[in-house]
Amino acid sequence: KAKRLLRQPAKLSGVLRKNHPAPYVRRVGWIREIQATIREHKREHAVHILRLLRKDLGLEGTCLSEVLYKNATFLNLVDPISHDLLMNLARDLQCPKKEYDPWKSADRICRQLIYHLSPHSTWHSLKTSLQKKLSQDSMDLSGIPLTMRDVHRMAYYLQNNGNNLTAVDLSFTEMTDDMVRLLLPFFWALPNLTHLSLNGNRLTRATTKELTDTMKDMNKFPCLAWIDLGNNVDVSSMPQPLLVGLRKRLSQQTTLPTIYESLDCDAELSGGHEASCQEEEGCVAEDKDTPCDFPQQCCER
């Protein structure tokens, strides 16, 4: 009876996951739908789905120029890779050029997005991962669906074997805010941890707030350089105080993998803006029979 009772929470968790899949499942489904509409040459429908996908990832602008220049929330993106791929896909769909086949190019970008936004095949479980000899400096549990019971087991492992860890990968593990909240004290106590990957889970802005508050104490996460929070529920940008906390832990020469904020960003964008405008205007002029769905300024870069 006791064993049956212990199994019930895991079964309930599995049912909930099946009925309410992680956000990446919905996003990958949209990308596959874009691929299908591209093959059928239904550009308008593909653009519509792309808008849904961008909004779901926190990229709520509808025009290319709006996304690139006007919205400050895009300057501290948690997932610059998805941002760049989505912008390239938008260009191919909204401003197709005659020099190459836009449909092949868009399909290739979709495949890259699917690879980036979905877990890769894993053939191990949490138990075997913790029992076998791990790398001296990393713990990779990516792609293993974790329950709260698993999280307790992992916390015990970190407490007893985490002193040498520099990287922990918990991407695509069905992590929730409550699970991260339980693990936080064990994470911040790791003396050599530099990279923490939490992308592709069920985390919300509540987790970023707790991480931000934690980073204010320089005794916690003493060596942390980066936290990957991309592809979660509603976490689209890094709070500035969290970035400041990370920068305080880095040397002056080290740069973070973000799209640069403030003056550097403005200078780089203004420098390349005129040349890009000419390129995109040429796109519109060359293909007058196939006008973009958006105003011409939406194709400016």
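## Disulfides and cysteines

In this predicted model, the count of disulfides is zero. A disulfide is a covalent bond between the sulfur atoms of two cysteines. To be counted here, the two sulfur atoms would have to lie within 2.5 Å.

Two cysteines can be described by their exposure. Cys110 has a relative accessible area of 0%, so Cys110 is buried. Cys223 has a relative accessible area of 33% and is therefore partly exposed; the partly exposed class runs between 20% and 50%.

## The protein as a whole

The protein contains 12 helices and four strands. Its length is 301 residues, and buried residues make up 45% of them. The accessible surface amounts to about 16200 Å², with 53% of that area belonging to carbon and sulfur atoms.

Contacts can also be sorted by how far apart the partners are in sequence. Of the contacts between residues at least 6 apart in sequence, 76% join residues at least 24 apart.

## Helix H5

Helix H5 covers residues 80–94, which is 15 residues. At 1.5 Å a residue, the expected span is 21 Å, and the end C-alpha atoms are 21 Å apart, so the two values agree. The expected value uses one less than the number of residues.

How many residues of H5 are buried? The number is 12 of 15, and H5 is mostly covered. Among the buried residues are Pro80, His83, Leu86, Arg91 and Asp92. An α-helix has 3.6 residues a turn, so residues three or four places apart point the same way. In H5, the buried residues include Leu85, Leu86, Met87, Leu89 and Ala90.

## Nonpolar cores

In soluble globular proteins, nonpolar side chains tend to be buried together. The largest nonpolar core in this model has 36 residues. Val168, Leu170, Met175, Leu183, Phe187 and Leu229 have the most contacts inside this core. Helices H8 (148–161), H9 (177–188), H10 (205–215) and H11, together with strand E4, each give two or more residues to the core. Apart from this core lies another, of 24 residues, which includes Leu53, Leu89, Leu93 and Leu113.

Leu183 gives an example of contacts in the 36-residue core. Not counting residues up to four places away in sequence, Leu183 touches Val151, Met154, Ala155, Leu158, Leu170 and Met175.

## Asn232 and its surroundings

Asn232 sits in the loop between strand E4 (226–228) and helix H11 (240–248). Is Asn232 buried or exposed? The relative accessibility of Asn232 is 2%, so Asn232 counts as buried; the cut-off for buried is under 20%.

The side chain of Asn232 has polar atoms close to backbone atoms of two other residues. One of its polar atoms is 3.1 Å from the backbone oxygen of Leu198, and a polar atom of the same side chain is 3.4 Å from the backbone nitrogen of Arg202. Leaving aside neighbours within four places in sequence, the contacts of Asn232 include Pro23, Arg27, Asn199, Gly200, Asn201 and Leu203.

## Thr204 and a link across the chain

Thr204 lies in the loop between strand E3 (195–197) and H10. Thr204 and Asp234 are 30 residues apart along the chain, yet their C-alpha atoms are separated by 5.4 Å. Not counting residues up to four places away in sequence, Thr204 touches Asp177, Val233, Asp234 and Val235. Which residue's side chain makes a polar contact of 2.5 Å with the side chain of Thr204? That residue is Asp177.

## Loop residues: phi and burial

Most residues other than glycine have a negative phi, and most peptide bonds are trans. Phe172 is not a glycine, but has a positive phi of about 55°. This residue is found in the loop between strand E2 (167–169) and H9, and at 9% relative accessibility Phe172 counts as buried. Asn231 is not a glycine either, and has a positive phi of about 60°. Asn231 is in the loop between E4 and H11 and, at 6% relative accessibility, counts as buried.

Gly143 belongs to the loop between strand E1 (138–140) and H8. With a relative accessibility of 18%, Gly143 counts as buried. The C-alpha atoms of Gly143 and Ser118 are separated by 9.0 Å, and the two residues are 25 residues apart along the chain.

Notes
Residues are numbered from 1 along each chain as its sequence is written. This is a predicted model: local features need pLDDT of at least 70, side-chain atom pairs count only at pLDDT 80 or more; totals for chains, interfaces and linings use all residues. Side-chain values use heavy atoms; hydrogens and water are left out. Buried means under 20% relative accessible area, exposed over 50%, partly exposed in between (1.4 Å probe, protein chains only). A polar contact is a pair of N or O atoms within 3.5 Å; within protein, one must be able to donate a hydrogen and the other to accept it, and residues adjacent in sequence count only if both atoms are side-chain atoms. Contact means heavy atoms within 4.5 Å. Accessible areas come from the Shrake-Rupley method with a 1.4 Å probe; for residues, only the protein chains shown count as cover. A nonpolar core is a set of buried Ala, Val, Leu, Ile, Met, Phe, Trp, Tyr and Cys residues joined through side-chain atoms within 4.5 Å.
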